[in-house]
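Reader: Could you take me on a close look at one part of this model and then carry on to its surroundings? I would enjoy one connected account.

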Amino acid sequence: MLTYEKALQHVLQTVEPLTPQKHPLLEATGLTLAEAVSSRWDMPRCDNSAMDGFAIADHPNEVKGPLEIVGASYAGHPFAGAITSGQAVRITTGAPLPDGANTVIPIEDAVDQKTHVSLSNPALSGQHIRHQGEEFKAGDLMLEAGTQLRAGEIGLLSCAGIEQVFACPKPRVAIISSGDELVELGQTPGPGQIINSNLYLLMTRVRECGCLPIAMGIGQDDPKALDNLIAEGMHADLIISTGGVSVGDRDQMHNALARRDFQQKFWKVAIKPGKPVLFGTLEDKPYFGLPGNPAATAATFELFVKPALNRLFGQKDITPKKRTGVLTTEVKGGGKRQSFLWCHLEWVDEGYQVAVPKRQGSGQHMSIQGANALLSIPVGTEKLRLGDSVEVLLLEG
Ligand code: AMP
Ligand code: MG
């Protein structure tokens, strides 16, 4: 059976970044730049004061004052003229330095006598000035292509006058739920029925990953009904279904996909949970058939769908980040399959500790809540002991 590594390679070879387009800066949160961005102007725009105080034209070691206060330069209200030796201008942080001034004396180091000011403490010539272009100059490279836009980057681009960025858009993700036993939240499940809880987990996770989830509804275990939902899902950039991909009599996802031009890349991977995961393309759009058991749905989302979403976004770092930590409990391996257990990674004293809930039934949601990582246990590892050093995959947004 295909290993996780090989299966993931198929995903990464198949999925291409979405076509980049322009986005207003405030709608670009989380997007990845498709082209480098250069500044439109110098920053600071002009020499200005780094302190509230007085701008002077003399060398502070040569003159202690009193200097005549000839005006003020406030942020947003520059001083109109120029100053010469013996003169000073009141100045606030960020206000343009008046022509002729070379040094700023902070309020704390000055004696303000309203019409005149004297220096009360030693000062350095040229101090407390932010020079034009000292942060960056017009035309300087601000951010490289491939940079993910977070608050720091968006703030920086705004100050460089960048109103729009060129980036792959947020992937739209259609989520199809399959199963005769499923009812929506708001209904009380009858005998044999359960809430379509995978939908709630996936909708939330897709949103956390910065994408746009679209709930397609519940399809009965019937190829025609599922095919109809797939047809509607084709408006999205990526399609996920849950349930119906295993080998049971009522698993109808394969039959539904057979009704259209589905290019299967793999079915079944040597992982636990999530063995029956199915992947391929529908009219060149990535399709993932995730197994229905909640822990399997959630794990295969992290292991396969999340990297695919990162690729659609045009990100450079596609696969989950790894950390090494020390186990706080004993855990069992998955035999011939690589096994993945929900766990909580925490920095304690001088290193990471990995706590693994005991109950990890693939049909259960309980172990997923509170998890911030997946513990990966290699094929053939029977058991890991308390204190063993282990590798975990981080669950990031
Ligand atoms: P399946 O993959 O269709 O064989 O389903 C495996 C298990 O997952 C069954 O117990 C299903 O009831 C359950 N299941 C399937 N879909 C969902 C869903 N959307 N939400 C919660 N559980 C589900
Ligand atoms: Mg089913």
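Author: Happily! On the side of helix α1 away from its buried residues, E5 and Q13 are exposed, that is, over 50% relative accessible area with a 1.4 Å probe and protein chains only, where buried means under 20% and partly exposed lies in between. This is a predicted model, where local features need pLDDT of at least 70, side-chain atom pairs count only at pLDDT 80 or more, and totals for chains, interfaces and linings use all residues. Residues are numbered from 1 along each chain as written, chains are lettered from A and ligands numbered from 1 in written order, and side-chain values use heavy atoms, without hydrogens and water.

Helix α1 spans residues 4–14, and its buried residues are Y4, A7, L8 and V11. Seen down the axis, they fall within an arc of 100°, so they line one face of α1; the arc is taken from the directions from the helix axis to the C-beta atoms. Their cover includes β20 (278–282), α6 (294–312) and β24 (338–348), with contact meaning heavy atoms within 4.5 Å. Helices (H or I, at least four residues) and strands (E, at least two) are DSSP runs numbered from the N terminus.

Now to ligand 1. Of the 15 residues around it, E181, N196, N198, G244 and G292 come nearest, a residue being near if one of its heavy atoms lies within 4 Å. A polar side-chain atom of E181 lies 2.5 Å from an oxygen atom of ligand 1, and a polar backbone atom of G292 is 2.9 Å from an oxygen atom of ligand 1. Strand β15 (194–195) and helix α3 (197–208) each supply at least two residues of the shell around ligand 1.

Conventions: Polar contact = N/O pair within 3.5 Å; in protein donor to acceptor, adjacent residues only side chain to side chain.
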